[in-house]
Amino acid sequence: INAEYGGQEKQMPGSTVGKLSAVLGGDLPLSKQQEVINAAYNALEKSRYDQEAAKMIKEDWEKKEKGAWHVIVGSSFGMQVSHETGSLIMVKASIPLPDAPYRKEKHVLLFKHG
(Lines give C-alpha, C1' and ligand atoms only; values in the text may rest on other atoms or scores of the structure.)
Protein backbone atom coordinates (compact mmCIF):
# COMPACT_ATOMS: atom_id res chain seq x y z
CA ILE A 1 0.00 0.00 0.00
CA ASN A 2 1.28 3.40 -0.89
CA ALA A 3 1.15 5.53 2.26
CA GLU A 4 1.02 8.64 0.10
CA TYR A 5 -2.44 7.62 -1.17
CA GLY A 6 -4.68 10.26 0.39
CA GLY A 7 -3.16 9.78 3.82
CA GLN A 8 -4.21 13.15 5.26
CA GLU A 9 -6.23 12.94 8.44
CA LYS A 10 -9.57 14.67 8.27
CA GLN A 11 -12.83 14.73 10.10
CA MET A 12 -15.28 12.75 8.03
CA PRO A 13 -18.49 14.42 6.83
CA GLY A 14 -21.41 13.56 9.08
CA SER A 15 -19.11 12.16 11.75
CA THR A 16 -19.20 13.00 15.42
CA VAL A 17 -16.86 15.74 16.61
CA GLY A 18 -13.38 14.48 17.36
CA LYS A 19 -13.36 11.42 15.12
CA LEU A 20 -10.57 11.53 12.56
CA SER A 21 -9.65 9.15 9.76
CA ALA A 22 -7.34 8.82 6.81
CA VAL A 23 -7.48 6.30 3.99
CA LEU A 24 -3.85 5.28 3.65
CA GLY A 25 -4.30 3.12 0.59
CA GLY A 26 -6.15 0.39 -1.19
CA ASP A 27 -8.48 -0.20 -4.08
CA LEU A 28 -11.86 -0.52 -2.35
CA PRO A 29 -14.45 1.56 -4.25
CA LEU A 30 -15.02 5.04 -2.81
CA SER A 31 -18.69 4.22 -2.30
CA LYS A 32 -17.74 1.60 0.33
CA GLN A 33 -14.88 3.39 2.06
CA GLN A 34 -17.08 5.41 4.44
CA GLU A 35 -18.82 2.19 5.53
CA VAL A 36 -15.45 0.71 6.53
CA ILE A 37 -14.51 3.90 8.40
CA ASN A 38 -17.84 3.85 10.27
CA ALA A 39 -17.33 0.17 11.17
CA ALA A 40 -13.84 1.03 12.45
CA TYR A 41 -15.16 3.89 14.60
CA ASN A 42 -17.88 1.66 16.04
CA ALA A 43 -15.43 -1.15 16.83
CA LEU A 44 -12.88 1.18 18.43
CA GLU A 45 -15.55 2.72 20.64
CA LYS A 46 -16.94 -0.62 21.83
CA SER A 47 -13.83 -2.81 22.10
CA ARG A 48 -11.00 -2.87 24.55
CA TYR A 49 -8.54 -4.95 22.53
CA ASP A 50 -7.40 -4.90 18.90
CA GLN A 51 -8.50 -8.50 18.36
CA GLU A 52 -12.03 -7.67 19.55
CA ALA A 53 -12.17 -4.67 17.20
CA ALA A 54 -10.99 -6.77 14.25
CA LYS A 55 -13.64 -9.41 14.97
CA MET A 56 -16.38 -6.77 15.19
CA ILE A 57 -15.36 -5.17 11.89
CA LYS A 58 -15.10 -8.56 10.16
CA GLU A 59 -18.54 -9.68 11.38
CA ASP A 60 -20.12 -6.35 10.42
CA TRP A 61 -18.55 -6.37 6.96
CA GLU A 62 -19.42 -10.00 6.22
CA LYS A 63 -23.09 -9.16 6.83
CA LYS A 64 -22.84 -6.59 4.01
CA GLU A 65 -20.45 -8.27 1.58
CA LYS A 66 -20.08 -11.92 0.50
CA GLY A 67 -16.83 -13.81 0.74
CA ALA A 68 -13.98 -14.39 3.17
CA TRP A 69 -12.92 -11.03 4.59
CA HIS A 70 -9.86 -10.55 6.74
CA VAL A 71 -9.28 -7.69 9.19
CA ILE A 72 -6.17 -6.63 11.06
CA VAL A 73 -6.31 -3.88 13.69
CA GLY A 74 -3.25 -2.48 15.40
CA SER A 75 -0.94 0.43 15.91
CA SER A 76 2.21 -1.09 14.41
CA PHE A 77 2.28 -3.92 11.90
CA GLY A 78 3.67 -4.80 8.51
CA MET A 79 1.87 -6.81 5.86
CA GLN A 80 1.99 -8.23 2.40
CA VAL A 81 -1.28 -9.75 1.20
CA SER A 82 -2.90 -11.27 -1.85
CA HIS A 83 -6.40 -9.95 -2.31
CA GLU A 84 -9.23 -9.78 -4.79
CA THR A 85 -9.25 -6.64 -6.91
CA GLY A 86 -11.37 -3.86 -5.45
CA SER A 87 -11.40 -5.28 -1.93
CA LEU A 88 -8.47 -3.79 0.00
CA ILE A 89 -8.37 -0.74 2.23
CA MET A 90 -6.01 0.53 4.93
CA VAL A 91 -7.48 3.16 7.24
CA LYS A 92 -6.05 5.13 10.13
CA ALA A 93 -8.88 5.83 12.58
CA SER A 94 -8.71 7.98 15.66
CA ILE A 95 -11.35 8.59 18.32
CA PRO A 96 -11.24 10.78 21.42
CA LEU A 97 -11.07 9.07 24.80
CA PRO A 98 -13.11 10.23 27.80
CA ASP A 99 -9.93 11.36 29.56
CA ALA A 100 -9.11 14.02 26.95
CA PRO A 101 -6.77 15.06 25.42
CA TYR A 102 -5.88 11.39 24.86
CA ARG A 103 -6.93 9.53 21.72
CA LYS A 104 -7.27 5.94 20.59
CA GLU A 105 -5.49 5.65 17.23
CA LYS A 106 -5.37 2.42 15.22
CA HIS A 107 -4.71 1.23 11.72
CA VAL A 108 -7.33 -1.04 10.16
CA LEU A 109 -6.57 -3.30 7.21
CA LEU A 110 -9.54 -4.98 5.52
CA PHE A 111 -9.26 -7.23 2.47
CA LYS A 112 -11.02 -10.11 0.73
CA HIS A 113 -9.24 -13.31 -0.20
CA GLY A 114 -11.02 -16.49 -1.10
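**Exercise 1. The two faces of helix 2**

Task: State which exposed residues sit on the face of helix 2 turned away from its buried side, and find which residues of helix 2 are buried.

Solution.
1. Gln51, Lys55 and Lys63 are the exposed residues carried by the face of helix 2 that is turned away from its buried side. The model is a predicted one.
2. The buried residues in helix 2 are Ala53, Ala54, Ile57 and Trp61.
3. Viewed down the helix axis, the buried residues of helix 2 fall within an arc of 100°, so they line one face of the helix.
4. The general rule behind such a pattern is that an α-helix has 3.6 residues a turn, so residues three or four places apart point the same way.
5. The cover over the buried residues of helix 2 includes helix 1, strand 2 and strand 4.

**Exercise 2. Helix lengths**

Task: Compare the end-to-end C-alpha distance of helix 2 with the span expected at 1.5 Å a residue, then do this for helix 1.

Solution.
1. Helix 2 has 15 residues, which should span 21 Å at 1.5 Å a residue.
2. The end C-alpha atoms of helix 2 are 22 Å apart, in agreement with the expected value.
3. Helix 1 covers residues 30-46, 17 residues in total. From first C-alpha to last, helix 1 reaches 25 Å, close to the expected 24 Å.

**Exercise 3. The buried residues of helix 1**

Task: List the buried residues of helix 1 and identify the elements they pack against.

Solution.
1. Gln33, Val36, Ile37, Ala39, Ala40, Tyr41, Ala43 and Leu44 are buried in helix 1.
2. These residues pack against strand 1 (20-26), helix 2 (50-64), strand 3 (89-96) and strand 4 (103-112).
3. On the side of strand 1, take Val23, which lies in that strand. Val23 has a relative accessible area of 13% and is buried.
4. Val23 and Gln33 are 10 residues apart along the chain, and their C-alpha atoms are separated by 8.2 Å.

**Exercise 4. The nonpolar cores**

Task: For the largest nonpolar core, name the residues that touch the most other members and the element that gives the largest share.

Solution.
1. The largest nonpolar core has 22 residues, and Val36, Ile57, Val71, Val73, Ile89 and Leu110 touch the most other members.
2. At least two residues of this core come from each of helix 1, helix 2, strand 2 (69-74), strand 3 and strand 4.
3. Helix 1 gives the largest share, with 7 residues.
4. Val71 serves as an example. With neighbours within four places in sequence left aside, Val71 is in contact with Ala54, Ile57, Lys58, Val108, Leu109 and Leu110.
5. There is also a second, separate core of 6 residues, among them Ala22, Leu24, Leu88 and Met90.

**Exercise 5. The aromatic pair**

Task: Count the aromatic pairs and classify the geometry of Trp61 and Trp69.

Solution.
1. The count is 1 aromatic pair.
2. The ring centres of Trp61 and Trp69 are 5.9 Å apart and the ring planes stand at 80°, so the pair is edge-to-face. The cut-off needed here is that planes over 60 degrees apart count as edge-to-face.
3. Trp61 is buried at 1% relative accessibility, and Trp69 is buried at 3%.

**Exercise 6. Salt bridges**

Task: Take the salt bridges Lys32 with Glu65, Glu35 with Lys64 and Asp60 with Lys64, and state what each one joins.

Solution.
1. The total count is 7 salt bridges.
2. Lys32 and Glu65 meet at 3.2 Å, N to O. Lys32 lies in helix 1 and Glu65 in the loop between helix 2 and strand 2, so the pair ties together parts that are 33 residues apart in sequence. Lys32 is partly exposed, at 24% relative accessibility.
3. Glu35 and Lys64 meet at 3.9 Å, N to O. Glu35 lies in helix 1 and Lys64 in helix 2, so this pair ties together parts 29 residues apart in sequence.
4. Asp60 and Lys64 meet at 3.5 Å, N to O. These two residues are 4 residues apart in helix 2, separated by about one helical turn.
5. Shared partners join Glu35, Asp60 and Lys64 into one network of salt bridges.
6. Glu35 is partly exposed at 30%, Asp60 at 25% and Lys64 at 41%.

Definitions and conventions
Residues are numbered from 1 along each chain as its sequence is written. This is a predicted model: local features need pLDDT of at least 70, side-chain atom pairs count only at pLDDT 80 or more; totals for chains, interfaces and linings use all residues. Side-chain values use heavy atoms; hydrogens and water are left out. Rings of Phe, Tyr and Trp (its six-membered ring) pair if their centres lie within 6.5 Å; planes under 30 degrees apart count as stacked, over 60 as edge-to-face and the rest as tilted. Buried means under 20% relative accessible area, exposed over 50%, partly exposed in between (1.4 Å probe, protein chains only). The expected span of a helix is 1.5 Å times one less than its number of residues. Contact means heavy atoms within 4.5 Å. A nonpolar core is a set of buried Ala, Val, Leu, Ile, Met, Phe, Trp, Tyr and Cys residues joined through side-chain atoms within 4.5 Å. A salt bridge is a side-chain nitrogen of Lys or Arg within 4 Å of a carboxyl oxygen of Asp or Glu. The arc is that of the directions from the helix axis to the C-beta atoms.
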